[in-house]
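Biologist: Hi, have you got a minute to go through this model with me? I'd like to talk about it before I head back to the bench.

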Amino acid sequence: MTAVSIPPPVVPDRRYDIVFLDRDGTINVRVDGYVRGPAELELLPGAGAAVAALNGSGVRVVVLTNQRGLATGDLTQVQLDEVHRALAERLERWGAHVDAILVCPHDEGSCDCRKPLPGLFHAALRAAPWAHPSRCVMVGDMASDVIPALSLGIRAILVGGEPPDPSWERAQDLQGAVGRLLDAPEVSVREPVDG
Ligand SMILES: [Mg+2]
Ligand SMILES: [Zn+2]
């Protein structure tokens, strides 16, 4: 996990402080193993428009991602940095950006930040002391994204599958989740910007 400082949004009447996003399976297509290079990074349909809509609402957008391959040797830091540069470029085509990416680089059972443990959320909230959990939301495609968020009083939306717990909030995909958060059906019809 990386030490970061996340500045408060400049929009005073924003509805949320931070929307946390899982990466693989939420923003981009999940692959077997690890996304090791830009060629393997493919945004999910609607993800770019959804992140742009979040940006436009004034909320900070923070990605929280497990990348255990860094610990096992299946993924290098150089590869991960390239993937995240490519992610920024692809999002930029939609006029979208993420404000921070926090990574758990550890193997299972060796840290307090590999989701479903809450360490990445704690780190993000330390970096954004102005944010309140009750004004944050997590969107992810796995129970391990939802569990730590709910444990901290953060609203969570599971995307892309049936929740193991029927009381969990779910949406079809990131676009659907963001459309609901912002009460903005136009999220679904935005087009990418040129370039
Ligand atoms: Mg995921
Ligand atoms: Zn960790």
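Modeller: Sure, let's start with the overall fold and then go through the metals, the cysteines and a few helices.

Biologist: Is this predicted or experimental?

Modeller: It's a predicted model.

Biologist: OK. How many helices and strands are there in the protein?

Modeller: The protein has six helices and six strands. In sequence order they run β-α-β-α-α-β-α-β-α-β-β-α.

Biologist: And what radius of gyration does the protein have?

Modeller: The protein comes out at 16 Å, which agrees with the value near 16 Å for a compact globule of 195 residues. The C-alpha trace spans about 40 × 40 × 35 Å along the principal axes, and 49% of the 195 residues count as buried.

Biologist: What about contacts from far along the chain?

Modeller: Take the contacts with a separation of 6 or more: residues 24 or more positions apart account for 67% of them.

Biologist: Now the metals. Which residues are the protein donors of the zinc ion?

Modeller: They are C104 (SG), H106 (ND1), C111 (SG) and C113 (SG), at 2.1 to 2.3 Å from the zinc ion (ligand 2). Along the chain these donors have the spacing C-x1-H-x4-C-x1-C.

Biologist: Why do you call the arrangement around the zinc ion tetrahedral?

Modeller: Because the angles subtended by the four donor atoms are 101 to 120 degrees. Four donors count as tetrahedral if all angles lie between 85 and 135 degrees. For reference, the ideal angle for four tetrahedral donors is 109.5 degrees.

Biologist: Are those zinc cysteines buried or exposed?

Modeller: C111 and C113 are both buried. C104 is buried too, with a relative accessible area of 0%.

Biologist: How many disulfides does the structure hold?

Modeller: Zero. Take C136, which is in no disulfide: the nearest cysteine sulfur belongs to C113 and is 18 Å away. A disulfide would need the two sulfur atoms within 2.5 Å.

Biologist: Is C136 buried or exposed?

Modeller: C136 is buried, with a relative accessible area of 1%.

Biologist: Switching metals: what coordinates the magnesium ion?

Modeller: The magnesium ion (ligand 1) is coordinated by D22 (OD), D24 (O) and D141 (OD), at 2.1 Å. The spacing of those donors along the chain is D-x1-D-x116-D. D22 and D24 are buried.

Biologist: Three donors seems few. Could something be missing?

Modeller: Water is not among the atoms, so sites may look incomplete.

Biologist: Fair enough. I've got my eye on K115. Where is K115 found?

Modeller: K115 sits in the loop between β3 (100-104) and α4 (119-127).

Biologist: It's a loop lysine, so is K115 buried or exposed?

Modeller: K115 is buried: its relative accessible area is 4%, and the cut-off for buried is under 20%.

Biologist: Which side chains does K115 make polar contacts with?

Modeller: The K115 side chain has a polar contact of 3.0 Å with the side chain of D22, which is also a donor of the magnesium ion. Another polar contact, of 2.8 Å, joins the side chains of K115 and D145.

Biologist: What else does K115 touch?

Modeller: Leaving out residues up to four places away in sequence, K115 touches D22, L64, T65, N66, F121, M138, S144 and D145.

Biologist: Let's do helices. Why do you say helix α1 is largely enclosed?

Modeller: Because nine of the eleven residues of α1 (residues 47-57) are buried. Among them are A47, G48, V51 and L54.

Biologist: And what covers the buried residues of α1?

Modeller: The cover includes β1 (18-21), β2 (60-66), α3 (77-92) and α6 (174-182). After α1 comes G58, with a positive phi near 95 degrees.

Biologist: You mentioned α6. How many of the residues of α6 are buried?

Modeller: Seven of its nine, so α6 is mostly covered. The buried ones include L174, A177, V178 and L181. What covers them includes β1, α1, β4 (136-140), β5 (155-159) and β6 (169-171). D183 follows α6 and has a positive phi near 50 degrees.

Biologist: Last one: where is the place of E42, and what is E42 in contact with?

Modeller: E42 is in the loop between β1 and α1. Leaving aside neighbours within four places in sequence, E42 is in contact with I27, N28, V29 and R90. The C-alpha atoms of E42 and R30 are separated by 8.6 Å, and the two residues are twelve apart along the chain.

Technical notes: Residues numbered from 1 in each chain as written. Chains lettered and ligands numbered in written order. Predicted model: local features only at pLDDT ≥ 70, side-chain atom pairs only at ≥ 80, totals over all residues. Heavy atoms only, no water. Helix = DSSP H or I, 4+ residues; strand = E, 2+ residues; numbered from the N terminus. Buried < 20%, exposed > 50% of the residue type's maximum accessible area, 1.4 Å probe, protein only. Polar contact = N/O pair within 3.5 Å; in protein donor to acceptor, adjacent residues only side chain to side chain. Contact = heavy atoms within 4.5 Å. Donors = N, O, S within 2.8 Å, 3.2 Å for Na, K, Ca; no water. Tetrahedral: all angles 85-135°; square planar, octahedral: opposite > 155°, others 65-115°. Rg over C-alpha atoms; globule rule 2.2 N^0.38 Å.
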